[in-house]
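Reader: I should like to study one part of this model closely. Please begin with its overall layout and then move to a single position within it.

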Amino acid sequence: MKKNIKSNVSWIGYIDWELDNFHGDDYSIINGSSQNAYLIEEEKTVLIDTIWDPHGEEFIENLKSEIDLKNIDYIVANHGEPDHSGALPLIMKEIPDTPIYCTANAVKSLKGQYHEDWNFKVVKTGDTLDIGNGKELIFVEMRMLHWPDSMATYLTKDNILFSNDAFGQHIAVAELFNDKADKCLLDKEAMKYFANILTPFAPFVTRKLEEIQGFNLPIDMIAPSHGVIWRENPGQIIEKYAKWADNYQEDQITIAYDSMWGGTEKLAHAIAKEIGELAPQTTVKIFNIAKKDKNEIMTEVFKSKAIAVGSPTVGNDVLSNVSGWLAFLKSLKFKNKKAAAFGCYGWSGESVKVIENWLKESGFEVIDSSLKVNWNPTDEDLQQAKEIAKGLVG
């Protein structure tokens with residue numbers, strides 16, 4: 001059912017309270033989410049994006065209850081990813097000749113996924129589309145935020161930026177707007193979204209924000225494709241993105257580890273204790289990689305100025321949970337953060353060096369101190385945690 005958000009603009013998406021995972025099972029959903037699509041009804045009727053295929057039939061039926069699909073003059077596909085385009089094939093069966101405005105890369109994406117040669121109208125940054133009543137759509141390419149095909153669409157006079165994945169979050173809010181959401185939860189989910197999805201593209205974020213600001217377009221509302229619509233001080237999320245994209249860090253150190261028989265766990269807690277004594281003002285957080293949600297941990301890494309990663313040696317390597325986590329860490333391309341490695345071993349002891357190599361390849365400044373302990377750590381071994389703490393705090 002459509003909900004008016006401003007003037008002749010309505011939300012026609014789907015609030016998904018039951019969603020647990022996203023991007024396959026690679027991103028955890030804890031507080032629900034939404035798939036936001038929008039309908040503009042001026043002299044011309046414009047559909048901006050659709051929703052995910054599992055809810056496609058319901059989406060089409062809801063849309064039919066509101067308008068005659070044949071009255072849709074234009075479709076804007078801001079991004080070809082299936083959570084935004086999944087219901088597009090169902091709509092195109094009903095109105096096959098309707099023009100679809102999208103980037104050149106989106107044409108490749110949509111053709112590759114749905115194997116249809118629809119009536120594509122390729123647009124680039126600065127192109128406009130007159131929709132009547134003195135209003136235009138202005139298209140802005142958002143390449144690599146977070147796919148090559150991404151773009152945003154700006155509606156003049158109503159001053160709404162339909163930003164697609166940029167400025168979104170995975171959170172379900174029935175009332176739709178940021179001023180109706182739990183602010184602490186919203187901030188947390190917005191940061192988690194940036195940290196786990198957009199961090200690798202931070203330089204693109206910085207350049208694109210500068211470009212958008214250079215257009216001098218008034219923005220009264222930001223309507224992303226997931227989560228809340230920013231209507232109360234919408235500039236706040238732009239300011240946060242600018243800060244997050246600039247090698248963001250807080251006075252925090254995160255310790256992430258896995259342990260077989262408790263030795264490496266003891267080292268993790270010893271490092272945390274020493275950091276706490278050296279720098280009481282610094283926030284310290286400890287996570288067992290095998291037991292805690294990887295996206296939640298990575299959000300804490302995003303906030304941190306330094307991290308310590310630990311694993312015992314297993315088969316001349318690290319535990320598989322740690323190696324998988326380190327591969328994810330590398331993909332996020334964090335910058336301007338220190339790191340250290342630690343772990344216990346029985347007879348060979350390669351894990352610390354393996355972790356250090358991963359951390360260097362991931363862009364971390366690996367400190368000289370590490371903590372490598374044979375068998376179960378003694379009190380004397382635990383005292384060595386001071387050197388790691390000094391290196392991470394300093």
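In which order do the 7 strands of the open sheet stand, and what is the pairing?

Author: The model is predicted, so local features are described only where pLDDT is at least 70 and side-chain atom pairs only at pLDDT 80 or more, whereas totals for chains, interfaces and linings use all residues. Residues are numbered from 1 along each chain as its sequence is written, and side-chain values rest on heavy atoms, with hydrogens and water left out.

The order of the open sheet is β1-β2-β7-β8-β9-β10-β11, and its pairing is mixed. Strands and helices are DSSP runs numbered from the N terminus: a strand is a run of E with at least two residues, and a helix is a run of H or I with at least four. Two strands pair if DSSP finds at least two bridges between them. The edges of the sheet are β1 (3-6) and β11 (120-122); each has a single partner strand, so one side of each lacks a neighbour in the sheet. From one strand to the next, the twist averages 30 degrees. Such angles run from 0 to 180 degrees between N-to-C directions, with axes being lines fitted to C-alpha atoms, for helices over the stretch in contact.

Consider first the edge formed by β11. Strand β10 (residues 100-102) runs parallel to β11 and is joined to it by 3 bridges. One of the residues involved is cysteine 102, whose bridge partner in β11 is valine 122. Helix α4 (residues 104-114) packs on the sheet here and touches both β10 and β11; contact means heavy atoms within 4.5 Å. The direction of α4 makes about 150 degrees with that of β11.

The next strand to consider is β7 (38-41). With strand β2 (residues 9-11), β7 shares 3 bridges, and the two run antiparallel; tryptophan 11 has tyrosine 38 of β7 as its bridge partner. Strand β8 (residues 45-48) also runs antiparallel to β7, and 4 bridges join them. Here leucine 39 is paired with leucine 47 of β8 as its bridge partner. Together, β7 and β8 form a hairpin, with 3 residues between them. In a regular strand, side chains alternate between the two faces of the sheet.

The single position chosen for a closer look is asparagine 36, which lies in the loop between β6 (33-35) and β7. Its relative accessibility is 2%, so asparagine 36 counts as buried; the term covers values under 20% relative accessible area, while over 50% is exposed and anything in between partly exposed, using a 1.4 Å probe and protein chains only.

The side chain of asparagine 36 has a polar contact with the side chain of serine 34, at 2.9 Å. A polar contact is a pair of N or O atoms within 3.5 Å; within protein, one must be able to donate a hydrogen and the other to accept it, and residues adjacent in sequence count only if both atoms are side-chain atoms. A polar atom of the same side chain of asparagine 36 lies 3.0 Å from the backbone oxygen of proline 224.

Leaving aside residues up to four places away in sequence, asparagine 36 touches Trp11, Gly13, Asp49, Thr50, Pro224, Ser225, His226 and Gly227. Among them is Trp11, the residue whose bridge partner in β7 is tyrosine 38.
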